[in-house]
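Subject: A structure for you to look at

Hello,

Here is the structure I promised to pass on. Please open it beside this email and follow along.

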Amino acid sequence: MGTFYTDVISKDARFASTSRVGDPALLEPMTRQLVESLVVAARQMGIEVMIYETYRSQDRQQQLFNSGATKLRTVGVHHYGLACDIVRVVGGEPSWKGDFSFLGQLAQSSGLIWGGDWGAPNIKHSFVDSVHVQRCTVARQGDLFAGAWYPDEIYNPYDDAQHLFAAVKPPAKPAASAGGSRAKSKPA
């Protein structure tokens, strides 16, 4: 049994496209449902938004990196149908201006991770993408990229406590004893 990525995305004619793809049909079905409900909720708040980019190929990511539009050289969760960028609509045109904290609130209440805090709002992040939402914790990304994991329809990143903060909070170091250094034990 395959995944949405192997069964749909990898077979789509736009798989290597260098053009922006804003087609919600290339979002994994549960991710699509959550994103579409988030867009409706924003509109109910009086904020006009649009799904700007869903699927992204590695070739497009490289173009964006080369032009300075992103700091990331390698494509991420967008490539797997689990992420999209949602921007404001101003005068009928996409806009990245203004405060997008509303998107963070809507994303979390929808079960999506917001690129403004990556699911960890109390930690200062070096990379912030305030128009980005995804249905994958940062800690799960390595497994996703390696093909070892893909979310099922009931997956909620906020219920994935073991993987929610693992990538953003380093483990505490043991304190040294007052009498000097401790002998290090080898793992069994």
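**D23 and its surroundings**

Leaving aside neighbours within four places in sequence, D23 is in contact with R14 and T54. Keep in mind that this is a predicted model. D23 sits in the loop between α1 (4-7) and α2.

Is D23 buried or exposed? Neither label fits. Its relative accessible area is 25%, and buried means under 20% while exposed means over 50%, so D23 counts as partly exposed.

Look next at what the side chain of D23 does. A polar contact of 3.1 Å joins it to the side chain of R14. The side chain of D23 also reaches the backbone nitrogen of A25, at 2.8 Å. Now find Y52. D23 and Y52 are 29 residues apart in sequence, yet their C-alpha atoms are 8.5 Å apart in space.

**Salt bridges**

How many salt bridges are there? The count comes to 8. Here are three of them.

- R14 pairs with D23, with the closest N and O atoms 3.1 Å apart. R14 is partly exposed, at a relative accessible area of 28%.
- E48 pairs with R43, and here the closest N and O atoms are 3.3 Å apart. E48 is partly exposed, at 40% relative accessibility. R43 is partly exposed too, at 43%.
- E53 pairs with R56, with the closest N and O atoms 2.9 Å apart. Both E53 and R56 are buried.

That last pair belongs to a network. Salt bridges with shared partners join E53, R56, R60 and D85.

**The nonpolar cores**

The largest nonpolar core has 22 residues. Which of them touch the most other members? They are V35, L38, I86, F102, L103 and V133. Four elements give two or more residues to this core: α2 (29-44), β1 (49-53), β2 (83-90) and α4 (101-110). The largest share comes from α2, with 5 residues.

Another core lies apart from this one. That second core has 15 residues, including Y55, C136, L144 and W149.

Zoom in on F102 as well. Not counting residues up to four places away in sequence, F102 touches A42, M45, I47, V49 and R88.

**Two helices**

Start with α4. Its buried residues are F102, L103, G104, L106, A107 and S110. What covers them? The cover includes α2, β1, β2, β4 (113-114) and β5 (132-134). Just after α4 comes G111, with a positive phi of about 90°.

Then turn to α3, residues 58-66. Here R60, Q61 and L64 are buried. Why do they lie on the same side of α3? They cover an arc of only 100° around the axis, which puts them on the same side. A general rule helps here. An α-helix has 3.6 residues a turn, so residues three or four places apart point the same way. The buried residues of α3 pack against β1. After α3 comes G68, whose phi is positive, near 85°.

Two residues are worth a second look. R60 is buried in α3, and R60 is also part of the salt-bridge network. F102 is among the buried residues of α4, and F102 is one of the residues that touch the most other members of the largest core.

Best wishes

How values were computed: Residues are numbered from 1 along each chain as its sequence is written. This is a predicted model: local features need pLDDT of at least 70, side-chain atom pairs count only at pLDDT 80 or more; totals for chains, interfaces and linings use all residues. Side-chain values use heavy atoms; hydrogens and water are left out. A nonpolar core is a set of buried Ala, Val, Leu, Ile, Met, Phe, Trp, Tyr and Cys residues joined through side-chain atoms within 4.5 Å. Buried means under 20% relative accessible area, exposed over 50%, partly exposed in between (1.4 Å probe, protein chains only). Contact means heavy atoms within 4.5 Å. A polar contact is a pair of N or O atoms within 3.5 Å; within protein, one must be able to donate a hydrogen and the other to accept it, and residues adjacent in sequence count only if both atoms are side-chain atoms. The arc is that of the directions from the helix axis to the C-beta atoms. A salt bridge is a side-chain nitrogen of Lys or Arg within 4 Å of a carboxyl oxygen of Asp or Glu.
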